Amino acid sequence: MLFVAWACCDGARAGRLSFAKADSLLAQRNPVLRSARLDVTVAEGLLTQSRSYDNPTVNVMYNVQNPTNRRWFDPGSTGEVDVQVSQPFAIGGQHAEQVRQNTSLLNASYSQLLVTQRDLRTEVHTAMIALYYQQRQARVYDEEIASAEKILTACREQSEKGNVAAMETQRIATMVYQLRKSQTDLLLEAAALETQLRQLLALPGIEPITVDLDEQAAVAQASRLYLTLHSDKSPVLDTLPEIQLTDHRAEAAQHALRWQHSQSLPQMAVQGEYDKNGSIGHNYFAVGLSVAVPLWNRNRGNIRSAQAALEQAAIDKEQQRLALTLQRQTDLDIVGKYLKQLAEPASSLNKSLSQMLLAAEQQFMSRHISLVEFVDLYINYRDTMLAHLDAQSKMLQAAERLKVVWIR
């Protein structure tokens, strides 16, 4: 019995998801993040490979038939063996610039991993906040539907007795149907968010996800975050992984341009030869230098392309800085405006609105208010509650984006 109780409790906890648990699952299971880590491994392999020099080339020629004694594959003193060795070597940065380029690309892959990890973390946290408040909004519909169904039951009883007009009963039934339709749409949106979280966190199973969120602590933290960031008029962008990523890509593009320039230089190789019975004499040794003269192909097209890629990297850096600055200001405006809006109602908003809903129900059942007034009170209750929850959701999502990006 204890084992069964423990299993049931453990299953109940499995559907609860906190930010810390989500971060742990994200780091362990997310396929995009795992693939980004493998991109770092790929970049490390490319850097290791680029540090290696070209292998020497060895050519060996052995005479098939000795023309002197007509012997096949003659191993004797009059047999012919010709050995040639060639070793390419780099000049003008033909090797070093490629190593520097791959070093910058490796640093860029590290920065890309940080960007990917942070973007996924932001996506998970904002989806959790959106799911939490959509579930809260669905519960608002639960209260209203329960109240409306109770009134509908009473109206049908009174309508059968002739005390209530059938049109009023039909109007209440229509309102219940519309409420159920709106709640269904909201639940479908929540289900889509659950699917998104399951994909991001690789969560198996089909049990509902319940987000573990302390609203009061989250709102207080958002308020402190807003005051801290709003007072900082000149944020430091150079330490952000996005800017570091563009810097490393620009460095890689610069080294790629230099490497393309080096490819316009001659391709050179040291050569050595041993000829056992050559035309010059017995046991002939020689050394030489092979030079591929850049006469027709001077690599101008690749240099032009590398120059354009370097200019594109500079443009990407400017665009990234502008995008980060604008996103920061947008999120600060969202947090500031919604904090002001949420501070205006009393802290007992939920309680007062619930009391209003109960009072409207009692007043209509007592026939102290008309059907139009009753429906108007219901709409006012629903719109106010949904607007309050939507404001909290958008404010906390913006605060989460600011926290993940700017607080280190």
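The expected span of a helix is 1.5 Å times one less than its number of residues. In this predicted model, that yardstick can be held up against helix α4, which runs through residues 96-160 and has 65 residues. From its first C-alpha to its last, α4 reaches 94 Å, close to the 96 Å expected at 1.5 Å a residue. After the helix comes G162, with a positive phi near 85 degrees.

Positive phi values also turn up away from glycine. One such residue is A202, where phi is near 55 degrees. A202 belongs to the loop that links α5 (166-201) with β4 (210-211). With 34% relative accessibility, A202 counts as partly exposed, because that label covers values from 20% to 50%.

N283 is not a glycine either, yet its phi is positive at about 50 degrees. This time the setting is a strand, β6, made up of residues 282-292. N283 has a relative accessible area of 35%, so it is partly exposed.

Strand β6 also takes us to the sheet. Here 4 strands come together in an open sheet, ordered β2-β3-β5-β6, with antiparallel pairing. The edges are held by β2 (57-62) and β6; each has a single partner strand, so one side of each is left without a neighbour in the sheet. From one strand to the next, the twist averages 15 degrees.

As for the β6 edge, its pairing with β5 (residues 267-277) is antiparallel and spans 10 bridges. Within this part of the sheet, V270 stands opposite L289 of β6.

Conventions: Residues are numbered from 1 along each chain as its sequence is written. This is a predicted model: local features need pLDDT of at least 70, side-chain atom pairs count only at pLDDT 80 or more; totals for chains, interfaces and linings use all residues. Side-chain values use heavy atoms; hydrogens and water are left out. Helices (H or I, at least four residues) and strands (E, at least two) are DSSP runs, numbered from the N terminus. Buried means under 20% relative accessible area, exposed over 50%, partly exposed in between (1.4 Å probe, protein chains only). Two strands pair if DSSP finds at least two bridges between them. Axes are lines fitted to C-alpha atoms, for helices over the stretch in contact, and angles run from 0 to 180 degrees between N-to-C directions.
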